[in-house]
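Take a look at the sequence and the structure below. Keep both in view as you read.

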Amino acid sequence: MIDEPWRGGERPTSPTSPTSPTSPTSMVRCDGVVQIYRARDVEVVALRDVDLVIDAGETVALLGPSGAGKSTLLWLLAGLLRPSAGRLWLDGVEVGRLDQRRLDRLRARRIGTVLQNPARNLIGYLPAAQNVAFAQRAVRRDRGRVRELLRRVGLDDAGNRPANRMSGGEQQRLALAVALALANAPALLLADEPTSQLDAASGARVIELIKHAAQADGTTAVVVTHDVAVSEALSRTVTIRDGRVGSEGRRGEDLVVVGREGAVQVPPEFHHLLPPGSMARIEPLDDGIVLRRAGS
Ligand code: ADP
């Protein structure tokens, strides 16, 4: 199944294939995903019961404080981790039902990843252009596409320079070009703080590149960011707090998410009214509820 190029439309399924039972246009579906790190006798629950659907062509900014679980979620979506519990579908395929070889193939053909340390995405001794060309290994090489991507990230003159002789910002831009070159256009682009080392102009270029990939190639993008310019430019925001999806935003409006057990996270900007650990009364309305702090 995962060998077939597929973008949008009805994906052919068979009763035995590990495909999603839901919308064929979902690029990502998390169903009660839990991620636990085990180190010696300590367990860290990095994600708890994450439910999330991202449709093909959406561009999502993943927000939240440090330690909330954003990078963990990105690693899961990259197929670099498998969930400790719950179910995860990438590109319509349930990850838990893929053996390692098929998961690696899905990653190589469909998922472009820009990890936080840009050097980790690159082969240091190879010139920039060869780094981009290498990403096309699963398909026929397209030199025009390599030049085009280098031009788009502002590295047209740097094609012959080895990646390890570039600045952090240049490496970051090259890493994005590599991710976008994957199989000529990835179905899913994942990026962890892709503008953290860039000035405003280079950052704006990166944002344009991500939006262009979504519009021109139908690429779905999930970007971990603290950069307001990035989150404002993308079509949707998802805020992770304490390992859960706390709120979601579209077109400038941020809405809290009612979790599977009815839990709602009070956003930090309202903590002065309803501090964590306080007690509240619930008052029903016709279209929802009000929480009022109970007097001491
Ligand atoms: P964020 O990207 O939002 O800063 P992370 O996903 O990196 O958050 O981390 C979520 C939680 O998981 C944190 O408590 C972090 O300390 C923990 N964590 C992340 N990676 C590991 C690991 N490899 N081993 C143990 N704990 C980890």
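This report covers the ligand's surroundings and then the strand pairing.

The model is predicted.

**Around the ligand**

Start with the shell. Tyr 37, Val 44, Ala 46, Pro 65, Ser 66, Gly 67, Ala 68, Gly 69, Lys 70, Ser 71 and Thr 72 surround the ligand. By class, five of these residues are nonpolar, five are polar and one is charged.

Which elements each supply at least two residues of the shell? They are β2, residues 42-55, and α1, residues 70-77. The largest share, three residues, comes from α1.

Now look at the backbone. Three residues each place a polar backbone atom at the distance shown from an oxygen atom of the ligand.

| Residue | Distance from a backbone atom to a ligand oxygen |
|---|---|
| Gly 67 | 2.7 Å |
| Ala 68 | 3.1 Å |
| Gly 69 | 3.0 Å |

How much of the ligand does the protein bury? Taken alone, the ligand exposes 560 Å², and the protein buries 59% of that.

**Strand pairing**

Next come the strands. β1 spans residues 26-39 and β4 spans residues 85-90. The two run antiparallel, joined by five bridges. Val 34 stands opposite Ala 85 in β4.

β4 also pairs with β5, residues 93-94. Two bridges join β4 and β5, and these strands run antiparallel. Here Trp 89 stands opposite Glu 94 in β5.

What do β4 and β5 form? They make a hairpin, with two residues between the strands. Asp 91 sits in the turn and has a positive phi of about 55 degrees.

Key
Residues numbered from 1 in each chain as written. Predicted model: local features only at pLDDT ≥ 70, side-chain atom pairs only at ≥ 80, totals over all residues. Heavy atoms only, no water. Near = heavy atom within 4 Å. Polar contact = N/O pair within 3.5 Å; in protein donor to acceptor, adjacent residues only side chain to side chain. Areas by Shrake-Rupley, 256 points an atom, 1.4 Å probe, with all protein chains shown as cover. Helix = DSSP H or I, 4+ residues; strand = E, 2+ residues; numbered from the N terminus. Nonpolar A, V, L, I, M, F, W, Y, C, P; charged D, E, K, R; others polar. Pairing = 2+ DSSP bridges.
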